[in-house]
Amino acid sequence: MGLFDFLKKPAAPAKPEPVSAAYAAGVVCAPVSGDAIQLSESADPVFASEAMGKGIAINPSGEVAYAPVSGTVSAAMAHAVGMVADDGAEVLVHVGIDTVEMNGNGLTCLVSQGDHVEAGQPIVSFSKSKIAAAGKSDTVFTVITNSDDYTVEPVANGPVSAGSVVVKLTK
């Protein structure tokens, strides 16, 4: 340890690497790997009712959420990122149930409002253990908030990989 080491800023945590995404117009990719379930089967009454829009829920196996579409970030919070896809779909990725109450503890947004991101780019990192310790669920919701403009077809329940297609959109 050198004399002036105390002046050095701590190294920023390494940003997660992107994943390969099968993104194209009219599809939404999985933001996380894990087990997909239908929104109606989720434990969150707002998402289950599809009041926010149609989509898919995933019980994640990892701790990084990736952009499900290529587009512009319209909202960026520690627990959620809203995006407007290049094809016009408005997509919300929300990490956990009631995780807003955690005030960012264990959740880190990796993008900013106005950023243009590519599908598969890391957008949120989260700690499954901190979410569990707070008594919350870490289910990741992917919702098309303008789903009235589309026929929304989520995949069947089962294992999915981050970057794989989980929702098809038809105008």
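Here are four short exercises on the structure above, each with a worked solution.

This is a predicted model, in which local features need pLDDT of at least 70 and side-chain atom pairs count only at pLDDT 80 or more, while totals for chains, interfaces and linings use all residues. Residues are numbered from 1 along each chain as its sequence is written, and side-chain values use heavy atoms, with hydrogens and water left out.

**Exercise 1. The sheet**

Work out the strand order of the open sheet and find its edges.

*Solution.* Start with the order: 8 strands run β9-β5-β6-β7-β11-β3-β2-β13, with antiparallel pairing. Strands here are DSSP runs of E with at least two residues, helices are runs of H or I with at least four, and both are numbered from the N terminus. Two strands pair if DSSP finds at least two bridges between them. Next, look at the ends: β9 (116-117) and β13 (158-160) each have a single partner strand, so one side of each has no neighbour in the sheet. Finally, zoom in on one pairing: β6 (residues 80-85) and β7 share 5 bridges in the antiparallel sense, and Val 84 has Glu 90 in β7 as its bridge partner.

**Exercise 2. The aromatic pair**

Find the aromatic pair and classify its geometry.

*Solution.* A search of the whole structure gives 1 aromatic pair. Ring centres of Phe, Tyr and Trp (its six-membered ring) must lie within 6.5 Å; planes under 30 degrees apart count as stacked, over 60 as edge-to-face and the rest as tilted. The rings of Phe 47 and Phe 141 have centres 4.3 Å apart and planes at 15°, so they are stacked. Now place them: Phe 47 sits in helix α1 and Phe 141 in strand β11 (residues 137-144), 94 residues apart. Both Phe 47 and Phe 141 are buried (under 20% relative accessible area; exposed is over 50%, partly exposed in between, with a 1.4 Å probe and protein chains only).

**Exercise 3. Ser 70**

Locate Ser 70 and list polar partners of its side chain.

*Solution.* Ser 70 lies in the loop between β4 (64-66) and β5 (71-76). Its relative accessible area is 6%, so Ser 70 is buried. The side chains of Ser 70 and Glu 118 make a polar contact of 3.2 Å (N or O atoms within 3.5 Å, within protein one able to donate a hydrogen and the other to accept it; residues adjacent in sequence count only if both atoms are side-chain atoms). A polar atom of the Ser 70 side chain also lies 2.9 Å from the backbone nitrogen of Ala 119.

**Exercise 4. Lining classes**

How many nonpolar, polar and charged residues are in the lining of the largest pocket?

*Solution.* The lining has 7 nonpolar, 3 polar and 2 charged residues. Ala, Val, Leu, Ile, Met, Phe, Trp, Tyr, Cys and Pro count as nonpolar, Asp, Glu, Lys and Arg as charged, and the others, Gly among them, as polar. A pocket is an open set of points on a 1 Å grid over the protein atoms alone, where a 1.4 Å probe fits, with protein on both sides within 12 Å along at least five of seven lines; lining residues have an atom within 4 Å of a point.
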